[in-house]
Amino acid sequence: METDAKEIFRFEAVDSKTDKTRIFWVAYNEEFGWHIAVSALSEEIFRSVNQLRNMIVIAVIVLTFVANVIIILFINSILVPVKNLSAMAQKVMQGHLDVQCQVQSNDEIGLLAQTINKMIASINDRTEKLHAVNRELIEAKEGAEKANRTKSRFITVASHDLLQPISAAKIFISVLLGRAKEAADQDVLTKVDKSLSTAEEFITELVEISDIEKGTINPKRSDFSVQLLFDDLKESYHGLALQRDFEFRSCECSAVINSDRKLLRHIVQNFLSNAFRYTQTGRVLLGARRSDTAVRIEVWDTGPGIPE
């Protein structure tokens with residue numbers, strides 16, 4: 001049953017027995033004509049309010065503490081793995097490739113740790129391969145240096161053994177020149193002597209090149225005419241060109257260059273030797289092209305060339 005209580009009155013009075021303040025609430029119900037009165041000691045009311053307030057304060061403090069703990073745990077669950085990943089990345093940057101990330105979860109940080117571990121494994125694998133290639137290169141270099149030293153010793157010994165008979169042959173040629181009376185015989189002996197001199201120079205230059213490769217000799221630079229070099233080479237290869245029955249000529253060049261004449265002659269002579277070796281018919285041309293600060297010496301031939 002619902003009632004409609006109106007005109008609620010509140011007043012206080014002192015209890016004569018206990019000498020305590022009591023609060024009264026009086027309400028009048030028009031339907032029944034009743035007056036309803038409720039009373040309570042003021043200290044009990046305020047005690048309940050204070051207790052409720054204290055409970056609310058305690059609950060708020062407890063909830064705040066729990067919330068802070070949860071937040072701290074959540075932050076630590078993110079910051080600690082991130083700090084570990086950062087520290088590991090620093091070690092990798094310093095060259096320590098034996099580290100591994102501790103994968104403790106399957107979330108994004110765990111996936112990142114797995115990816116970093118795979119990256120470190122890949123770096124280690126490539127580093128191993130690079131070290132293997134470097135070891136092979138070192139071994140190949142040592143083998144090449146050993147072969148080069150062997151070649152240099154061989155050239156030194158062989159050149160000494162070759163120069164002796166050439167020197168003896170030149171002595172015999174000199175004696176024969178003194179005895180030859182016919183101009184044709186003298187011309188032949190002179191050409192043979194010059195060929196022997198060219199062979200002697202070639203062997204000497206070969207030894208010098210070997211010494212340059214070993215770093216025991218420096219090129220001797222001087223100013224000389226390119227045309228004198230061309231005339232010398234043309235005379236040396238003229239007889240061979242007649243035997244092979246093809247044309248060999250050199251272009252006129254008035255340039256004066258600064259270089260080691262013997263070494264340059266040896267280099268150009270190698271080009272000419274290859275041209276004569278592989279040219280069966282046609283011609284061989286020795287020439288030079290000028291640039292702003294240099295002269296480019298070229299050997300052209302009608303041989304088969306180098307296949308692409």
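## Close-ups of a predicted model

**View 1. The whole chain, by the numbers.** In the protein chain, 54% of the contacts with a separation of 6 or more join residues that sit 24 or more positions apart. Keep in mind that this is a predicted model. The protein chain holds 5 helices and 8 strands. Read from the N terminus, its elements go β-β-β-α-α-α-β-α-β-β-α-β-β. Of the 308 residues, 21% are buried. The chain exposes about 22800 Å², and 59% of that comes from carbon and sulfur atoms.

**View 2. A three-stranded open sheet.** Here 3 strands line up in the order β5-β7-β8, with mixed pairing. β5 and β8 (295-301) are the edge strands, so to speak the two ends of the row, and each pairs on one side only. From one strand to the next, the twist averages 15°.

**View 3. Zooming in on the pairing.** How do β5 and β7 (residues 283-290) pair, parallel or antiparallel? They go parallel, over 4 bridges. Phe248 has Val284 of β7 as its bridge partner. On the other pairing, β7 and β8 run antiparallel over 7 bridges. Val284 turns up here too, standing opposite Asp301 in β8.

**View 4. The two faces of β5.** Strand β5 covers residues 247-250, and its side chains split into two sets. Which residues make up the covered face? Phe248 and Ser250 do, while Glu247 and Arg249 belong to the uncovered one. Phe248, then, is both on the covered face and bridged to Val284.

**View 5. Helices on the sheet.** Helix α4 (residues 226-244) lies across β5, β7 and β8, and it runs at about 175° to β5. Helix α5 (residues 261-278) packs on the sheet as well, touching β5, β7 and β8. The direction of α5 makes about 20° with that of β8.

**View 6. A nonpolar patch on the surface.** Which residues make this nonpolar surface patch? Ile58, Val62, Phe65, Val66, Val69, Ile70 and Leu73 do, and the patch comes to about 650 Å². Leu73 lies in helix α1, which spans residues 42-93. Is Leu73 buried or exposed? Leu73 counts as exposed because its relative accessible area is 54%, and the cut-off for exposed is over 50%.

Key: Residues are numbered from 1 along each chain as its sequence is written. This is a predicted model: local features need pLDDT of at least 70, side-chain atom pairs count only at pLDDT 80 or more; totals for chains, interfaces and linings use all residues. Side-chain values use heavy atoms; hydrogens and water are left out. Buried means under 20% relative accessible area, exposed over 50%, partly exposed in between (1.4 Å probe, protein chains only). Contact means heavy atoms within 4.5 Å. Accessible areas come from the Shrake-Rupley method with a 1.4 Å probe; for residues, only the protein chains shown count as cover. Two strands pair if DSSP finds at least two bridges between them. Axes are lines fitted to C-alpha atoms, for helices over the stretch in contact, and angles run from 0 to 180 degrees between N-to-C directions. Patches are made of residues with over 30% relative accessible area and no salt bridge: like charges are joined within 9 Å, nonpolar side chains (Val, Leu, Ile, Met, Phe, Trp, Tyr) within 5 Å. A salt bridge is a side-chain nitrogen of Lys or Arg within 4 Å of a carboxyl oxygen of Asp or Glu.
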